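I have gone through this entry and set out below the points that I would raise with a colleague. Please read them beside the coordinates.

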Amino acid sequence: MSERHVFEYAVLRVVPRVERGECFNAGVLVYCRAKSFVAARTHLDERKLEALDPQADVLGVRAALRAVEGVCGGGEGAGQAAGDDPGRRFRWLIAPRSTVVQPGVVHSGLTADPAAELDRLLDVLVR
């Protein structure tokens, strides 16, 4: 059996009209310190978005979700967080915010493969 490591994850929620507080899941962030791993996978259900807000900026929401993926990846796509280590980028992304794309609460678990865990969580919690 492969060695399992502690990982943390948070669901990314889309809140089309922040003042109403209605939301749906659109992605997952996973961080595993032991593997220096941080990544996000997203999936935007446009029908859900338009059901909650027919005037929603679909392209803007997609751009915000891609930005989260970019920060996870580091490098030029991470903007000001480019030089930060994976843990610091994860902590920055899970900080509470009042925007259209918001992180949920952080959960933890054990995994031998954080990338596979990310795909599993996306399937279970988002799709």
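Where is the place of Asp-53? The numbered points begin with that residue, and they concern a predicted model throughout.

1. Asp-53 lies in the loop that runs between helix H1 (46-52) and helix H2 (58-73). Leaving aside residues up to four places away in sequence, Asp-53 touches Pro-16 and Arg-17.

2. Although Asp-53 is buried, it has no salt bridge. The nearest side chain of opposite charge belongs to Arg-17 and is 4.9 Å away, whereas a salt bridge would need a side-chain nitrogen of Lys or Arg within 4 Å of a carboxyl oxygen of Asp or Glu. Arg-17 is nevertheless one of the residues that Asp-53 touches.

3. Helix H2 also packs against helix H3 (residues 86-94), in that their axes come within 9 Å and cross at roughly 155 degrees. Since angles over 145 degrees count as roughly antiparallel, H2 and H3 are therefore roughly antiparallel to each other.

4. On the H2 side of this contact are Val-68, Val-71, Cys-72 and Gly-73, which meet Arg-89, Trp-92 and Leu-93 of H3. Sorted by class, the contact of H2 with H3 comprises five nonpolar residues, one polar residue and one charged residue.

5. A separate point concerns the backbone at Ser-36, a residue in the loop between strand S2 (24-32) and strand S3 (37-42). Ser-36 has a positive phi of about 50 degrees although it is not a glycine. Most residues other than glycine have a negative phi. Is Ser-36 buried or exposed? Its relative accessibility is 55%, so Ser-36 counts as exposed.

Key. Residues are numbered from 1 along each chain as its sequence is written. This is a predicted model: local features need pLDDT of at least 70, side-chain atom pairs count only at pLDDT 80 or more; totals for chains, interfaces and linings use all residues. Side-chain values use heavy atoms; hydrogens and water are left out. Helices (H or I, at least four residues) and strands (E, at least two) are DSSP runs, numbered from the N terminus. Buried means under 20% relative accessible area, exposed over 50%, partly exposed in between (1.4 Å probe, protein chains only). Lys and Arg count as positive and Asp and Glu as negative; His and the chain ends are not counted. Contact means heavy atoms within 4.5 Å. Axes are lines fitted to C-alpha atoms, for helices over the stretch in contact, and angles run from 0 to 180 degrees between N-to-C directions. Angles under 35 degrees count as roughly parallel, over 145 as roughly antiparallel, 65 to 115 as roughly perpendicular and the rest as oblique. Ala, Val, Leu, Ile, Met, Phe, Trp, Tyr, Cys and Pro count as nonpolar, Asp, Glu, Lys and Arg as charged, and the others, Gly among them, as polar.
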